[in-house]
Amino acid sequence: LIVGAALLAFLLAPIYTLSMNRLSVRLLSEEKSSVSTLAPSLREWAKSIGASASFGESPAHVDGYDMMVLSPGVPTDKEYVIKAGEAGAEIIGELELAYRYGNGRYIAITGTNGKTTTATTIKHILERNGNSAGFIGTGLIIIGDEVISDAYYSMTTPDPPLLYEAIKRMSERKIEYVVMEVSSHAIYYEKISAIKFALSIF
């Protein structure tokens with residue numbers, strides 16, 4: 001069960017199901033007003049990744065879940081959180097989940113100018129020293145020998161569905177380092193909130 005207290009957290013939550021390999025995943029947002037206009041499309045999105053979605057409600061039954069993932073805005077002293085723990089569910093946060101399912105070390109490059117040059121240079125240095133390195137940057141994602149070009153996206157930091165799918169695939173390939181361009185836009189909208197960076201360069 002993945003519980004989000006706000007729209008952004010809820011939008012990020014489905015991405016984690018890509019890494020969890022759970023047979024049954026449920027996504028829940030207690031806020032109704034902030035997601036009302038997007039609810040139908042979000043339900044379809046959740047369905048497309050094998051999950052179910054609910055809005056504006058607390059979980060009535062919390063038994064049967066092996067894990068409950070809480071967004072930062074969800075208090076751990078909520079009754080259903082306590083009951084889930086008592087029923088045997090592991091209670092963790094989004095950051096812990098992302099860290100647990102990510103094998104690589106993440107390096108963030110931010111700033112007004114020079115992100116692409118700096119990020120690609122670091123990637124090449126790592127590879128010249130015998131390390132495997134992935135790249136996520138402006139209009140380009142490199143996963144091993146696979147290149148996803150700006151035919152699919154043109155942002156500096158891709159939106160969560162593409163971003164976390166790329167990270168999942170890098171993790172599956174045991175890529176040691178992920179070098180990522182991080183825009184101020186991505187920071188402000190918390191696209192990268194679930195990633196634990198080993199190094200950030202401004």
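## A guided tour, starting at strand 10

Select Y106 first, then look across to its bridge partner in strand 10, V178. You are exploring a predicted model, so treat each stop as a computed picture.

**Stop 1: strand 10 and its neighbours**

Y106 gives you a way into strand 6 (residues 105–109), which runs parallel to strand 10 and is joined to it by five bridges. Now select strand 7 (residues 133–137), which also runs parallel to strand 10, with four bridges between the two. Here you can pick out I136, which stands opposite M180 of strand 10.

Is strand 10 enclosed or open to the outside? Colour residues 177–181 and see: five of the five are buried, so the strand is largely enclosed by the rest of the structure. In a regular strand, side chains alternate between the two faces of the sheet. On one side of strand 10 you will find Y177, V179 and E181, and on the other V178 and M180, all of them buried.

**Stop 2: K115**

Next, select K115, which sits in helix 5 (residues 115–128). Which side chain of opposite charge is nearest to K115? It is E181, 5.3 Å away, and K115 has no salt bridge although it is buried. Show the backbone of G111 as well: its oxygen lies 2.8 Å from a polar atom of the K115 side chain. Leaving aside residues up to four places away in sequence, K115 touches I109, T110, T156, E181 and V182.

**Stop 3: T156**

From that list, move on to T156, found in the loop between strand 9 (146–148) and helix 6 (160–172). Its side chain makes a polar contact of 3.5 Å with the side chain of T138. Among the residues T156 touches, again setting aside those up to four places away in sequence, are K115, G137, E181 and S183.

**Stop 4: salt bridges**

How many salt bridges does a search of the whole structure find? The count is seven, and here are some to visit.

- Select E79 and K83, whose side chains meet in a salt bridge (3.1 Å, N to O). Both lie in helix 3 (residues 79–86), four residues apart, or about one turn of the helix. E79 counts as exposed at 55% relative accessibility, while K83 counts as partly exposed at 43%.
- Go back to helix 5 and select E127 and K123, which form a salt bridge (2.6 Å, N to O). These two are four residues apart, so about one helical turn separates them. K123 is buried, with a relative accessible area of 8%, whereas E127 is partly exposed at 34%.
- Select R173 and E146, a salt bridge whose closest N and O atoms are 3.3 Å apart. R173 lies in the loop between helix 6 and strand 10 and E146 in strand 9, so the pair ties together parts that are 27 residues apart in sequence. Add D145 and R169 to your selection: salt bridges that share partners join D145, E146, R169 and R173 into one network.

**Last stop: the whole chain**

Zoom out now and show the protein chain as a cartoon. You should have seven helices and 11 strands in view. Of the chain's 202 residues, 44% count as buried. Switch to a surface to finish: the chain exposes about 10,500 Å², and carbon and sulfur atoms supply 53% of that area.

Note on methods: Residues are numbered from 1 along each chain as its sequence is written. This is a predicted model: local features need pLDDT of at least 70, side-chain atom pairs count only at pLDDT 80 or more; totals for chains, interfaces and linings use all residues. Side-chain values use heavy atoms; hydrogens and water are left out. Buried means under 20% relative accessible area, exposed over 50%, partly exposed in between (1.4 Å probe, protein chains only). Accessible areas come from the Shrake-Rupley method with a 1.4 Å probe; for residues, only the protein chains shown count as cover. Lys and Arg count as positive and Asp and Glu as negative; His and the chain ends are not counted. A salt bridge is a side-chain nitrogen of Lys or Arg within 4 Å of a carboxyl oxygen of Asp or Glu. A polar contact is a pair of N or O atoms within 3.5 Å; within protein, one must be able to donate a hydrogen and the other to accept it, and residues adjacent in sequence count only if both atoms are side-chain atoms. Contact means heavy atoms within 4.5 Å. Two strands pair if DSSP finds at least two bridges between them.
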